[in-house]
Amino acid sequence: MTLDLGFLLGQFLAALASASALFLVASGLSIIFGVTRIVNFAHGSFYMLGAYLGYTITEALPTGVLGFWGGTLVAALAVGVIGAAIEIVVLRRIYRSPELFQLVATFAIVLIIQDATLYVWGPVERLGPRAPGLDGAVQILGEYVPEYDLALIAIGPVVLGLIWLVFHRTRWGVLVRAATEDREMVGALGVNQSWLFTTVFFLGSALAGLGGALQVPRESVSLLMDLNIIAEVFVVVVIGGMGSVLGAYVAALLIALFNAFGILILPEISLAVPFIVMAVVLIARPWGLFGRPESGEHQQALSEEPLRPLGLARRAAILAGVAGLAGLAFLGGRYGVVLATDIVIVSLFAASLHFMMGLGGMASFGHAAYFGISAYAAAFLATYAGLSMLPAMLLAPVAAMLAAAFFGWFCVRSTGVYLAMLTLAAAQIVWSVVFQASEITGGDDGILGVWPDKWAKSREVYFLLTLAIGAMALVTLQRIAHAPFGYVLRAARDNRLRAEAVGVDTRNHQWAAFVVSGVFAGIAGVLFVFAKGSIFPDELAIPRSFDALLMVLLGGVQSVFGPLLGAASFTYVRDEISRLEYWRFIFGILIILVVILAPDGIAGGLQRLWRWIAARAGFRRVTPDKAEGA
Amino acid sequence: MLELRGIHTFYGAAHILHDVSLEVRPGEVVALLGRNGAGKTTTMKSVMGLAEARRGEILYEGRPIRGLAAFAIARLGIGYVPEERRIFKQLTVMENLEVGRREPLEGARVWELDELFTLFPNLAERRENLGGHLSGGEQQMLTIARTLMGAPKTVLLDEPSEGVAPVIVEQMAHTIEALKAQGLAVLLSEQNVRFAERVSDRACIIESGRIQFDGAMAELAARPEVREQYLAL
């Protein structure tokens, strides 16, 4: 390949155009996060809606310059209205929920918008009109550069300038910037947060919608747009520093350039390039290029109820759960066994994530990496090394352990959302390596024929094996949680400074927790691969990680049972409804209902329900609050 | 003006305030005295709706405000000056003041910018500087000026003399006298007893989340054993 100047320039200009598009979407996400602290996974959906609406509106309007740009703007505003409406109807109800719980709601919104879009526009891709007057290409140094790209290159900085003006020259903008720093104080000065949040959601969603509508002349509009862009947009926001618009612009440039030139230099891992850039930036600057440390001092930590060793009632509940699973497996027929096996595996996976999230205070957006690495390791051992099942099961989690030790070392240097983003980066790097190294991993085709040994071939026996291993693993996790290590971990979670002041090396403890969590995810992974007989890159992709995250959060982070309840109900319900045509829509609505009705998760909700029934029935137990206050 | 009747405040499961009652009248400065961790800040946060007072009553101008959102409480005319100042560091002095600006309520004392700059001359020179670039004393002035931009009728001042130079402490005393002279009600939390004695009419002493003494400043001065027990370091 000869690199001539014209070609390089062409790549460069194409990168700048992509950067503008990326920036529009990312700036909206960054503004929303800055003020509301919501990690909005639905932002990619707003982008997709912008594209569909832009397509429909510009088609409906008379062709011409005014029709195109007018239609684009109307589409952006419409998405802004949709975003504001979602904020009012759903998100406003859950601002008081634990951190990251809103994330579950935004994920439900992704599902709902997916199916709503499918319903309105159908599954066929749409090709929109070219921008009138900008449908040609100009020749620069022998390369043809689309005129529309040049327009996009200009639009990015123009929008950046406009946002700057709004943020510095209007009272609203000053309030937004103030709220990005300390929203509680802004409230204490008499500013209505709800109003501020809704307007911020309007602006942020409108920017995403604008990004989507402007994309119509460049690519076909499809249902894949939301998830295709969301990971990259998060990367941009995190690199720039969450809440910083200028940061989003610089980071969008950086990512677009690395994408354009990375593919020339490192084609083998081109998919991982943005995530590698993010990891490098976060390790050097843990809060992004233009971000500032999250001021923890004003965040009233929810003091969680102390974990107690399991009482009689809970032991009984566990036995009932196991009995229920066995019943499902042996009375539910073939289908019942498969579902019960899945539930055990997924419960263990969720419990492993809960270990680092609930006890360690570290949310992971990429936990599937350790699940998948271990599953792949087992598949390698079984197919390439010819190991039988049990040794492969025993050895494979070591791979997860090593990977967790490696990535965890970097991740625990950060905290909060930034830590979560580093875990996502790690998982994406692993995923793209597995996906692109097809000589070894089979790439998209995966590895097939990883079956259990003869004695465990029957589904019922394999279920019992899974149940036994899963139960042992869960008990071990419990033991660790109640060992001194678990106490130290919770101390570090609740107050890092105080824990360090009494001599705890919090970082090392969190690292160890990260590794433990990875190993147990790995155990779930090996159980999975032998249950399915195959492994595909999907198992370590983002959706798999998010499933686990949803299970833990929906179940209840503050409860030991939370992840198990979350995993079981999530798997069961999704399994039941996924045959329906618009099941995502239904599933999204169900998730939102849980989020609103049980802001402390299913476990917390059940507990409150139980207390309420107990109080009604007259045998109220004395709560600590009542006992002391009188 | 502002009255707390037997409030109990919790942080999560931790019971911080026990049956705290106190009252502040217009044109009166009430000092809330106590050691570190006694519950002074929590009392102020309970009034502002920033900490959860689960039981008891908080009355402002006769109406119950417990359970209202912080912004709604602020809009009734209660200005809050937090201990940690909580200046918006990335905003200029003028922008910080803008965040505090509110449409004045009826009968409220409105503070013009010029007046605030006369009260706090240092701020006038630094109006275009970022909040984060101000000295501790200047930040203390800014946080009070920011609250006064909202034309409050009652001001909650959380340890204004803490960690600032003696000159600034002096200025804080003048400021409190100015607020009092304008008929504002002031609840002042302090560890610096001498400072509190100078500017306050009455004193409430809080210890372990319970009010231990409530009376005129002169009364407290006459009871050295109370000071010894609850305030000596």
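Which residue forms a salt bridge with A:Asp547? The partner is A:Arg574, and the closest N and O atoms of the two side chains lie 3.1 Å apart. This pair, like everything described below, belongs to a predicted model.

## A salt bridge between two helices of chain A

A:Asp547 sits in helix H21 (residues 542-555) and A:Arg574 in helix H22 (residues 562-577) of chain A, so the salt bridge ties together parts that are 27 residues apart in sequence. The two ends of the pair have their own levels of exposure: A:Asp547 has a relative accessible area of 13% and is buried, while A:Arg574, with 27%, is partly exposed.

Another acidic residue of chain A, A:Glu539, is placed in the loop between strand S4 (534-535) and H21. Its relative accessibility is 13%, and because buried means under 20% relative accessible area, A:Glu539 counts as buried. The side chain of A:Glu539 makes a polar contact with the side chain of A:Arg544 at 2.5 Å. When neighbours within four places in sequence are left aside, the residues in contact with A:Glu539 are A:Ala368, A:Phe371, A:Phe528 and A:Arg544.

## The interface of chains A and B

Between them, chain B and chain A bury about 2,600 Å², and 53% of this area is on carbon and sulfur atoms. Within chain B, the residues that lose the most area to chain A are B:Phe71, B:Arg86 and B:Phe88, which together make up 23% of what that side buries. Chain B brings 32 residues to the contact and chain A brings 25 residues.

As for polar interactions, 11 residue pairs are in polar contact between the two chains, counting pairs in which both residues are at pLDDT 80 or more. On the side of chain B that touches chain A, at least two residues each come from strand S1 (2-11), strand S2 (14-24), strand S4 (52-60), helix H2 (70-75), helix H3 (93-100) and helix H6 (136-148). The rule finds 4 salt bridges across this interface, whereas the structure holds 29 over all chains.

## B:Arg86 and its acidic partners

Side chains of opposite charge can pair when their charged atoms come close. At the interface, B:Arg86 forms a salt bridge with A:Glu184, the closest N and O atoms being 2.8 Å apart. The side chain of B:Arg86 also meets that of A:Asp182 in a salt bridge, with an N to O distance of 2.8 Å. The latter pair crosses between chains, running from helix H6 (residues 171-188) of chain A, which holds A:Asp182, to the loop between strand S6 (78-81) and H3 of chain B, which holds B:Arg86.

Both A:Asp182 and B:Arg86 are buried, and for B:Arg86 the relative accessible area is 4%. The backbone of this arginine also deserves a remark: B:Arg86 has a positive phi of about 50° although it is not a glycine. Most residues other than glycine have a negative phi.

## B:Glu159 and other charged pairs in chain B

A positive phi, of about 45°, is also found at B:Glu159, which is not a glycine. B:Glu159 forms a salt bridge with B:Lys40, and the closest N and O atoms are 3.5 Å apart. Because B:Glu159 lies in the loop between strand S7 (154-158) and helix H7 (166-181), and B:Lys40 in helix H1 (residues 40-48), the pair ties together parts of chain B that are 119 residues apart in sequence. Both partners count as buried, with B:Glu159 at 3% relative accessibility and B:Lys40 at 4%.

Elsewhere in chain B, a network of salt bridges links B:Glu23, B:Arg25, B:Glu28, B:Arg202 and B:Asp214.

## A nonpolar patch on chain A

The surface of chain A carries a nonpolar patch formed by A:Leu580, A:Phe585, A:Ile586, A:Ile589, A:Leu590, A:Leu593 and A:Leu597, whose accessible area together is about 590 Å². One of these residues, A:Ile586, lies in helix H23 (residues 583-597). With a relative accessibility of 33%, A:Ile586 counts as partly exposed.

Terms used: Residues are numbered from 1 along each chain as its sequence is written. Chains are lettered from A and ligands numbered from 1 in the order in which they are written. This is a predicted model: local features need pLDDT of at least 70, side-chain atom pairs count only at pLDDT 80 or more; totals for chains, interfaces and linings use all residues. Side-chain values use heavy atoms; hydrogens and water are left out. Patches are made of residues with over 30% relative accessible area and no salt bridge: like charges are joined within 9 Å, nonpolar side chains (Val, Leu, Ile, Met, Phe, Trp, Tyr) within 5 Å. Accessible areas come from the Shrake-Rupley method with a 1.4 Å probe; for residues, only the protein chains shown count as cover. Helices (H or I, at least four residues) and strands (E, at least two) are DSSP runs, numbered from the N terminus. Buried means under 20% relative accessible area, exposed over 50%, partly exposed in between (1.4 Å probe, protein chains only). Contact means heavy atoms within 4.5 Å. Buried area is the accessible area (1.4 Å probe) that two parts lose on being put together, summed over both. A polar contact is a pair of N or O atoms within 3.5 Å; within protein, one must be able to donate a hydrogen and the other to accept it, and residues adjacent in sequence count only if both atoms are side-chain atoms.
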